[in-house]
Amino acid sequence: MTEDILELFDKETGAISRDNEEEIAELNSKANEIRDEFAKISKHKQLGQSMQELLAVELYVLDDTDKPKYVLSVFGKVRDEVEKICRKAVDNFIFNENYAFHKYHDQLEREFSCVIGKSLNESIPESGFWCSTADISMTVLGVQTYLFYVIKFDRNRLNNSITFNKERHPLIEELRIEWELRFGKYFSMTKKINYNELFRRASARERFLYNYQDDLNALSAMKYENKINRGSIMALQLHRDDSYEEITKNYDISLRLSAPIKITPENYKTLRKLLEITQKELSLLMNDQGEVFAIGKMGKQPSRTYYKICFTNFLEWKFYKNGEEYLRFSNMLPSFPEMGTGIQQEDIERLIMTFGDSHLSKLEEIIEGATNQSHGTMVVFAENAEEEANRLAISGIRISPTVMIKELVESATSIDGALICDEKGKCYAIGTILDGDASDIGDPSRGARYNSALRYRNQQKSKGKKTFIVVVSEDKYINCISTEVD
C-alpha cells in the first residue's frame, strides 16, 4: 500500500503525478468561473468570449544556489508549445539575468510571472497571455514550488472586442494587472475581484471621473417631481495656465448662473432640479473646481479633451470622452461600453469576404440598429433579397425598397421576424419568417432563431446566392453566419 502511494510522487521533486486530461477538465471548470466574473463588466461577454484556455505552470526549484536546477511542468491543451517557451524563458532568467538579485529580495514569485508572461506573449503572436503572480509552496520532499495560472486569449478578439478610440480599451490593462496579482495556486472565486475599486483605480487616468464618480452615482438616483434623471453634464479637461476666455470659447452658453454651484451633497437637490432643463441638447457646464457655472453645449470644435455624463435611467449613467462612450454605470457598478456595431472584428471581416467593402458602413449601421433592439431579432443580407422578399411574402411584410438608417432598423426589428436586405443596405421586407433546408448542422442547445438562420443559409448556399445573416438572441448574444465562410 505504501509503495503504491510512493509511486504517485516524483522522486526528484516530490510532486504528485497528475494526468493532463484530468487537469484540463479541472482547468476548464476554473476557466468558466473566470468567464462568469468577466461577464460582470461586459454585457456582451466579449472578454470571456476572447478567452481560449486556462493553463497551469508548475516550477520546482531543486536547490538553493544562485543558478539552481529546476523542473517545469505545464498542464493544458497546448502544454508542449507553452512548456518549451517557458523552459527557454526560465533558463534565460536564471543563467543570463538577475535571478540571484530577485531571490535575495524575495521577488521571485513576481519576476518568474513577468518572465513567463512576457515570453509567451512575444513567442505566440496570435495569442495573448495573462500570467498570475505565483503562489509558493513546498512538496513533500521540501522542494520549493512556484505555480502560475495562465489565461490564453485570442489576441485579435482581445484587441478588437472591447475598444476605445479604435484601440484596446485602456481599462483592460488594469484588469490584467488585478487578475495577475490576485489569483495563483490557491485559486478560488471566493477571492472576488472588487471591480468597482478596480475601475476606480483605472479611471484615475481620467481625474474627472475619479473625483466625481460618487457624486454622479448619487445624482443618477435622484428624482425630480417623481421623474427619473435623464439630464447631462459636460466638462473640459483643463490645463493649469488656461485663461477664462480660452475655456469659455469652447462652449455655446445659453444660460449663465450668477454664482456657480459646487457638486457637493448639500447641493444635490438644486443640481437635480437644473438637470431637468438638460434633457435634450443642453447640458450643465462644469469647471475644473467641480462647480456648475452655466447651461449650454459644447462648441463645434473644442480645443480640449471634453467629458460628458448622460444620465439614462435610475442609477444608470454613461461617461463619454470626446464624444465616445468610455464607461457605463448601473447600480453604481461600472462596465465596459457595448460594441459599436454589435459584432466582432472577425465578423466584420466575414461580412467583407461575403460582399466586399463598398457598402460596409451602411451594412454596419443596419447591424448596429438591430443589436440595439431590446429583444432578439435577425437581419438577412442577400444578393437576391428582392426575389426572396417576394418568395416569402406570405410569411412576412413586403415594403417598398428602402435604404435603412439605424433608427428605422431599431423600430422595424421591434416585431418578430427578420429584415430582408440586399448587399447595399436596401430593405425589401420586415417581420419575415425564414424557411430553409433541414440539416444535421443545427445546434439543439441554441434557440429556434439561430437554427432557422442556419437552415436558411444552407438553402441560399445551395442556390449559389451570397448571404450574410446576423442573429441577435434575447440575452444579447450575437452570431453571424455567411454562405462564404463556414
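I'll start with a cysteine. Cys480 is buried, at 13% relative accessibility. Bear in mind throughout that this is a predicted model.

Cys86 is buried as well, and its relative accessible area is 1%. What is the closest cysteine sulfur to that of Cys86? It belongs to Cys131, and the distance is 7.3 Å, which is too far for a bond. A disulfide here would need the two sulfur atoms within 2.5 Å. Across the structure, the count of disulfides is 0.

Next, the nonpolar cores. The largest one has 49 residues. Which residues have the most contacts inside it? They are Phe38, Leu54, Trp130, Ile151 and Ile233. The element that gives the most to this core is helix H10, residues 207-220, with 5 residues. A second core, separate from that one, has 27 residues, and Cys86 is in it, along with Val61, Val115 and Leu120 among others.

Let me go back to Trp130 for a moment. Leaving out neighbours within four places in sequence, its contacts include the aromatic side of the list, Phe38, Tyr149, Phe153 and Trp179. Val150, Ile151, Leu158, Ile172 and Leu175 are also in contact with Trp130. So are Arg176 and Glu180.

Now the sheet. It is open, with 8 strands and mixed pairing, and the order is E9-E11-E10-E8-E12-E13-E14-E15. Which strands stand at the edges? Strand E9, residues 251-262, and strand E15, residues 333-335. Each has a single partner strand, so one side of each has no neighbour in the sheet. From one strand to the next, the twist averages 25°.

Inside that sheet, strand E12 (residues 306-313) and strand E13 (residues 316-321) run antiparallel and are joined by 6 bridges. If you want one pair to look up, take Tyr307, whose bridge partner in E13 is Lys321.

A helix lies across part of this. Helix H12, residues 268-275, lies across strands E8 (232-236), E9, E10 (283-286), E11 (291-298) and E12. Relative to E9, H12 runs at about 165°.

Last, confidence. The mean pLDDT of the protein is 84, and 86% of the residues reach 70 or more. Where among the elements is the mean pLDDT lowest, and where is it highest? The lowest is helix H1, residues 2-6, with 41, and the highest is strand E18, residues 418-421, with 96. Residues 1-6 have pLDDT below 50, and this stretch has 0 contacts in the model beyond near neighbours in sequence.

Conventions
Residues are numbered from 1 along each chain as its sequence is written. This is a predicted model: local features need pLDDT of at least 70, side-chain atom pairs count only at pLDDT 80 or more; totals for chains, interfaces and linings use all residues. Side-chain values use heavy atoms; hydrogens and water are left out. Buried means under 20% relative accessible area, exposed over 50%, partly exposed in between (1.4 Å probe, protein chains only). A nonpolar core is a set of buried Ala, Val, Leu, Ile, Met, Phe, Trp, Tyr and Cys residues joined through side-chain atoms within 4.5 Å. Helices (H or I, at least four residues) and strands (E, at least two) are DSSP runs, numbered from the N terminus. Contact means heavy atoms within 4.5 Å. Two strands pair if DSSP finds at least two bridges between them. Axes are lines fitted to C-alpha atoms, for helices over the stretch in contact, and angles run from 0 to 180 degrees between N-to-C directions. pLDDT is the predictor's confidence in each residue, from 0 to 100.
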